[in-house]
Amino acid sequence: MLIFGIETSCDETAAALVRDGREVVANVVASQIDTHARYGGVVPEVAAREHLEIINVVIEETFKKAGISPNEVDAFCSTAGPGLVGCLLVGLNAAKTMSLVYNKPYIPVNHLNAHVCANFLGTSLEPPFTCLLVSGGHTQIINASAYDKLEIVGSTIDDATGEVYDKVARLLGLPYPGGIRLDKLAQSGNPKAFKLPEAKVGEDEFSFSGLKTAVLRLVQGLKAEGHDVENLESPLVADICASFQETITSTLLNKTVNFAKKNGSKTIVLAGGVAANSRLREKLFALKTDGYEVFAPQMKYCTDNAAMVASAAYFNPIKTENPLEFEVFSRG
Ligand code: KG4
Ligand code: ZN
């Protein structure tokens with residue numbers, strides 16, 4: 001089954017062709033990073049307008065790359081939510097229109113389920129597994145007992161992981177997008193330079209506000225002592241990044257492994273934009289020595305893309321009587 005997918009939930013305009021949920025035939029992503037960097041973050045109205053301007057080009061490019069005509073597609077899908085409503089509308093209406101024109105089904109997809117399905121692209125992963133989903137808007141431990149049975153068993157009580165990365169990055173004066181830059185700087189720092197607190201919350205819960213405040217206090221304290229923390233080249237900044245990264249990745253993986261143990265799960269999977277994080281991946285892969293099977297999406301399928309959306313349309317579509325009447329939704 002060949003599915004054409006579109007993703008426009010935030011600041012990436014993306015389209016892809018995927019066969020049977022696993023084989024990526026073509027994958028095109030147009031990022032709006034340069035536009036939003038000027039504002040230090042995503043401006044929803046600007047993002048929606050950019051999607052509208054570029055969506056047709058991205059769609060055409062995808063078919064051209066694959067050497068496939070839209071007539072050969074078995075179904076069209078798009079992210080229906082959660083995300084920015086104005087942005088989602090662009091992708092959803094494009095996919096619905098193509099479904100009507102080419103007389104093939106339209107399949108709505110949940111963005112978070114799509115992040116999980118990024119792990120099926122080019123792999124033979126099968127449920128059951130435990131998944132740590134870490135994105136800009138969500139932090140969840142998911143018990144995946146079947147392809148269409150993703151049960152959220154733990155989540156954050158305040159900020160999402162990507163959000164904390166972006167806020168700490170802003171605090172340190174790193175340019176947008178912060179998470180990936182913080183990760184780069186952390187790689188040259190000493191992760192043991194500063195001791196930062198891990199939140200004491202319920203065993204399957206996350207809380208990052210204390211960690212965020214601790215970094216703020218640390219930076220303020222260092223400034224008061226006359227240290228140069230404004231200079232991004234300073235080893236001190238790299239040490240702060242590394243210490244933060246060490247703390248947050250430990251919390252995330254320790255809690256995930258705890259759940260996996262409780263649940264008798266032998267396979268642990270990462271998903272979401274922060275699954276691209278170097279230290280998180282390193283720690284995940286180290287779990288192999290403890291006998292776990294581990295999976296993380298290829299880097300290009302961690303952050304928002306449409307291949308994962310087309311995979312989710314195959315493995316875990318939103319179930320609805322009349323897909324063409326299905327509307328966008330902002331919260332998941
Ligand atoms: O999944 P995603 O592309 O969009 C959402 O659905 O939210 O995730 C974006 C988030 C951003 O907060 C970004 O800073 C973070 O993922 N991110 C990273 C890295 N790459 C992206 N955070 C830490 N380390 C990275 N390498
Ligand atoms: Zn996402």
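The following paragraphs lead from a strand in the protein to the zinc ion.

This is a predicted model, in which local features need pLDDT of at least 70 and side-chain atom pairs count only at pLDDT 80 or more, while totals for chains, interfaces and linings use all residues. Residues are numbered from 1 along each chain as its sequence is written, ligands are numbered from 1 in the order in which they are written, and side-chain values use heavy atoms, without hydrogens and water.

Strand β4 (residues 75-81) pairs with β5 in the parallel sense over 5 bridges; strands are DSSP runs of E with at least two residues, helices runs of H or I with at least four, both numbered from the N terminus, and pairing requires at least two DSSP bridges between two strands. Within this pair, Pro108 of β5 is the bridge partner of Ser78.

Strand β5 (residues 106-110) is largely enclosed by the rest of the structure, because 5 of its 5 residues are buried (under 20% relative accessible area, with exposed over 50% and partly exposed in between, for a 1.4 Å probe and protein chains only). Tyr106, Pro108 and Asn110 cover one side, and Ile107 and Val109 the other. In a regular strand, side chains alternate between the two faces of the sheet.

Helix α4 (residues 111-117) contains His111 and His115, which are 4 residues apart and therefore separated by about one helical turn. His111 is buried at 7% relative accessibility, and His115 is buried at 2%.

The zinc ion (ligand 2) has as protein donors His111 (NE2), His115 (NE2) and Asp304 (OD), at 2.0 to 2.1 Å. Donors are N, O and S atoms within 2.8 Å of the metal (3.2 Å for Na, K and Ca); water is not among the atoms, so sites may look incomplete. In sequence, the donor residues of the zinc ion follow the spacing H-x3-H-x188-D.
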